[in-house]
Amino acid sequence: MSARAWALLLVLCGTIFLEGIDVAMLAVAIPSIRADLDLSTGTAAWVMSAYILGYAGFTLLGGRAADLLGRRRMFLIWLTVFLLFSGLGGFATEGWMLIVARFITGVSAAFMTPAAMSIITTSYEEGPQRNRALLVFAGTAAGGFSLGVVIGGLLTQLGWRWVFFAPVLLAGALLIAALRLLPRTGAAAQVPDKTAHGFDLPGAAAAAGAMMLLAAGIVRLEHGGSGRQLTAGAFAAGLLLVYVFVAVERRSAAPLVRLAIFRRASMVRADLGALLFVGSFFGFQFMATLYLQELRGWSSLETSLALVLMGLDAILAPTLTPRLVNRFGNTRVVLGGFATAIVAYGLFLPVGGDWSYGMMTPTLILTGVAFALAYGPLSIAATDGVAPEEQGLASGLLHTSTQFGSAIGISAVTAVYGLASTTGAEGELGAFRAALVVPVVMVVLGLAVTATGLRFREPRGPHSPDDAPVPARPTALTPSGD
C-alpha cells in the first residue's frame with residue numbers, strides 16, 4: 001500500500017481506538033466519579049448505560065446514513081460531535097449532565113464507527129489488501145478495549161475528568177488529519193444521487209426506537225428480579241417496533257435496510273459470532289475487574305496493570321492474524337479464536353480467593369490471543385462480498401451486534417452474580433465462579449454458530465435478482481499502488 005493509504009488507515013484506526021479506550025477508561029473511573037459527584041448507584045449505572053443505549057440504538061441508522069448521505073461527511077460531522085460532548089462530560093457537575101453527554105457521545109460513535117469501517121471496505125481492494133486493513137482496524141479496536149483499562153487507571157490517578165479530556169485531544173488530532181487525508185470524491189466520500197435514493201425516516205425512527213428499547217431491556221437484566229415489569233415492557237415495546245420496522249421496510253420504495261441482505265448466510269453468522277464473542281469478552285473483563293477490586297482489594301491502577309496482558313491482541317491482530325487468514329482462511333482462524341477463548345475462560349472458573357497473579361496469567365494471555373484470532377476475521381466475514389453501496393449497512397449491522405453483545409455479556413454476568421451471591425467470603429467467591437460460567441457458555445455457542453462455516457454460496461434466482469448483489473470493485477482512493 002502507498003504511504004497515503006497507510007496514513008488514511010492510521011486515521012481510521014485511530015477512530016476505533018478512540019471509541020475503545022473511551023468505554024474502557026470510563027469503566028475504571030466510574031467509582032471515582034461516583035464518589036466525587038456523590039452519585040447514587042442508579043445514576044452511576046446510567047452513566048455507563050447511556051453510552052450503550054446511544055450506540056446500540058443508532059448504529060444501524062449510522063451505518064446506512066454513511067451509504068446514503070456520504071461516508072466522509074458522516075465521519076467528519078460525528079467525530080466533531082464526539083469531540084465536543086466528550087469535552088462537555090469533563091465539565092459535568094451533576095449526574096444528569098454526564099448521562100446526557102455519554103448518550104450523545106454514544107450516538108456520535110454509532111455514526112462515526114460504521115462510516116470509518118465502510119471507508120476501509122470501499123477504499124481498499126477486496127482480497128488480501130482489504131483483509132489486512134480490516135485486521136489492523138480490528139486489532140486497534142481490541143487494543144483500545146484492553147489498553148483503555150490501563151490508561152483509565154493512570155488518568156484516574158490524575159483526576160477522573162481527564163478520562164473525558166484525553167479523548168478530546170486524540171479526537172482533535174484525528175479530525176485535523178482526516179480533513180487532509182479523506183478524499184472528497186470517490187467511494188470514501190460517496191454521496192448517492194438523491195433522486196435515486198430517499199431517506200426512509202419512518203424506518204429510521206422505528207429502527208432507532210427498537211434498538212434503544214431492546215438495549216434498555218438487556219441493560220435492565222442486571223437488576224435481576226427487581227423491576228421485572230419494566231424490563232419486560234422494554235422488551236415487548238422493542239419487539240413491537242421491530243415488527244413495525246420490518247413492515248415499513250417491506251413497503252418502502254427506498255428502504256433503510258434492504259431486508260434481503262439477511263439472506264447472506266456468512267454475514268449473519270459472522271454478526272452472531274461477533275455478538276457472542278464480544279459479549280463473552282466484556283463479561284469476563286467486567287468480572288475479572290470486579291474480582292480484583294472487590295474481592296482482592298486491588299486499586300484501580302493495580303487492576304489496570306494486571307489486565308494489560310489482554311492487550312496482546314493489539315500486537316497479534318495486525319501481525320500474526322493476517323498470515324493465519326491467508327494460510328487457513330477466515331473460518332478456521334475464527335474457530336481457533338473461539339476454542340482459545342473456551343480454554344482461557346475455563347481456566348479461570350476455579351478461581352480462588354488467594355490466587356497469585358501467575359495463576360491468572362495464562363487466562364489473560366489466552367484471552368488476548370483469542371481476541372486477535374476471532375474479532376478481525378469475523379469483521380472480514382461480515383463485510384466480504386457485500387456491494388459497495390451497502391458497506392455502511394453491513395458495518396452498521398456488525399457494530400450493532402457487538403454493542404448488543406457487550407450489553408448482554410455484562411448484564412448476564414451481573415445478573416448471575418447477584419442471584420448467586422450469599423453472605424461471607426466463600427459465598428461471594430462462589431458468585432464470581434457462577435458468573436464466570438456465562439462467558440464460557442457464550443463462546444461455546446459462538447463456536448457452534450461459526451462451526452457450520454462463514455462462507456456460503458449466496459442465494460440468487462431469477463425472481464429475486466437483488467437478493468445478493470454482485471460486489472463491484474472499490475473505486476477512487478486506489479491505495480493498492482506503492
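**Exercise 1. T156 and its surroundings**

Task: Decide whether T156 is buried or exposed, then place it in the chain and name what it touches.

Solution. Step 1: The relative accessible area of T156 is 10%, so T156 is buried. The model used here, and in the exercises below, is a predicted one.
Step 2: T156 belongs to helix α5.
Step 3: Leaving out residues up to four places away in sequence, T156 touches V28, A29, S32 and V163.

**Exercise 2. R130 and a distant partner**

Task: Find the helix that holds R130, and state how far R130 is from D384 in sequence and in space.

Solution. Step 1: R130 is part of helix α5, which covers residues 128-158.
Step 2: The relative accessibility of R130 is 4%, so R130 counts as buried.
Step 3: In sequence, R130 and D384 are 254 residues apart. In space, 9.4 Å separates their C-alpha atoms.

**Exercise 3. The chain as a whole**

Task: How many helices and strands does the protein chain have, and what share of its residues is buried?

Solution. Step 1: The chain has 15 helices and zero strands.
Step 2: Of its 482 residues, 56% are buried.
Step 3: Take the contacts between residues at least 6 apart in sequence; 85% of these join residues at least 24 apart.
Step 4: The chain exposes about 18800 Å², and carbon and sulfur atoms supply 66% of that area.

**Exercise 4. Checking two helices**

Task: Compare the end-to-end reach of helix α7 and of helix α8 with the expected value, and look at burial in each helix.

Solution. Step 1: Helix α7 runs over residues 201-220 and has 20 residues. From its first C-alpha to its last it reaches 28 Å, close to the 28 Å expected at 1.5 Å a residue.
Step 2: In α7, 15 of the 20 residues are buried, so this helix is largely enclosed by the rest of the structure.
Step 3: Helix α8 spans residues 228-251, which is 24 residues. The expected span is 34 Å at 1.5 Å a residue, and the end C-alpha atoms lie 35 Å apart, which agrees.
Step 4: The buried residues of α8 include T231, A234, G238, F245 and E249.

**Exercise 5. Aromatic pairs**

Task: How many aromatic pairs does a search of the whole structure find, and what geometry do the pairs W162 with F165 and F371 with Y375 have?

Solution. Step 1: The search finds 16 aromatic pairs.
Step 2: For W162 and F165, the ring centres are 6.0 Å apart and the planes stand at 90°. Angles over 60 degrees count as edge-to-face, and the pair of W162 and F165 is edge-to-face.
Step 3: W162 and F165 are three residues apart in helix α6 (residues 162-181), so about one helical turn separates them. W162 is partly exposed, at a relative accessible area of 40%.
Step 4: For F371 and Y375, the centres are 5.1 Å apart and the planes meet at 45°, so this pair is tilted.
Step 5: F371 and Y375 sit four residues apart in helix α13 (residues 357-383), about one turn of the helix. An α-helix has 3.6 residues a turn, so residues three or four places apart point the same way.
Step 6: F371 has 1% relative accessibility and counts as buried; Y375, at 7%, also counts as buried.
Step 7: Ring pairs also link F284, Y291, Y345, F348, W355, Y417 and F432 into a cluster.

**Exercise 6. Empty space**

Task: Which residues line the largest cavity, and which helix gives the most to the lining of the largest pocket?

Solution. Step 1: One cavity of 30 Å³ or more is found in the whole structure. The largest cavity holds about 40 Å³ of space.
Step 2: Its lining consists of A288, L292, A306, L307, F348, Y357, M360 and L364. Two elements, α9 (265-295) and α13, give two or more residues to this lining. The largest share, three residues, comes from α13.
Step 3: The largest pocket contains about 1300 Å³ of space. It is lined by 46 residues, and A27, I30, M48, F286 and I410 lie nearest its centre.
Step 4: At least two lining residues of the pocket come from each of α1 (3-37), α2 (41-69), α5, α9 and α14 (391-420). The most, ten residues, come from α1.

Conventions. Residues numbered from 1 in each chain as written. Predicted model: local features only at pLDDT ≥ 70, side-chain atom pairs only at ≥ 80, totals over all residues. Heavy atoms only, no water. Phe/Tyr/Trp six-rings, centres within 6.5 Å; stacked < 30°, edge-to-face > 60°. Buried < 20%, exposed > 50% of the residue type's maximum accessible area, 1.4 Å probe, protein only. Expected span 1.5 Å × (residues − 1). Contact = heavy atoms within 4.5 Å. Areas by Shrake-Rupley, 256 points an atom, 1.4 Å probe, with all protein chains shown as cover. 1 Å grid on protein atoms, 1.4 Å probe; cavity = no way out; pocket = protein on both sides within 12 Å on 5 of 7 lines; lining within 4 Å. Points joined across faces, edges and corners; volume = space filled by probe spheres on them.
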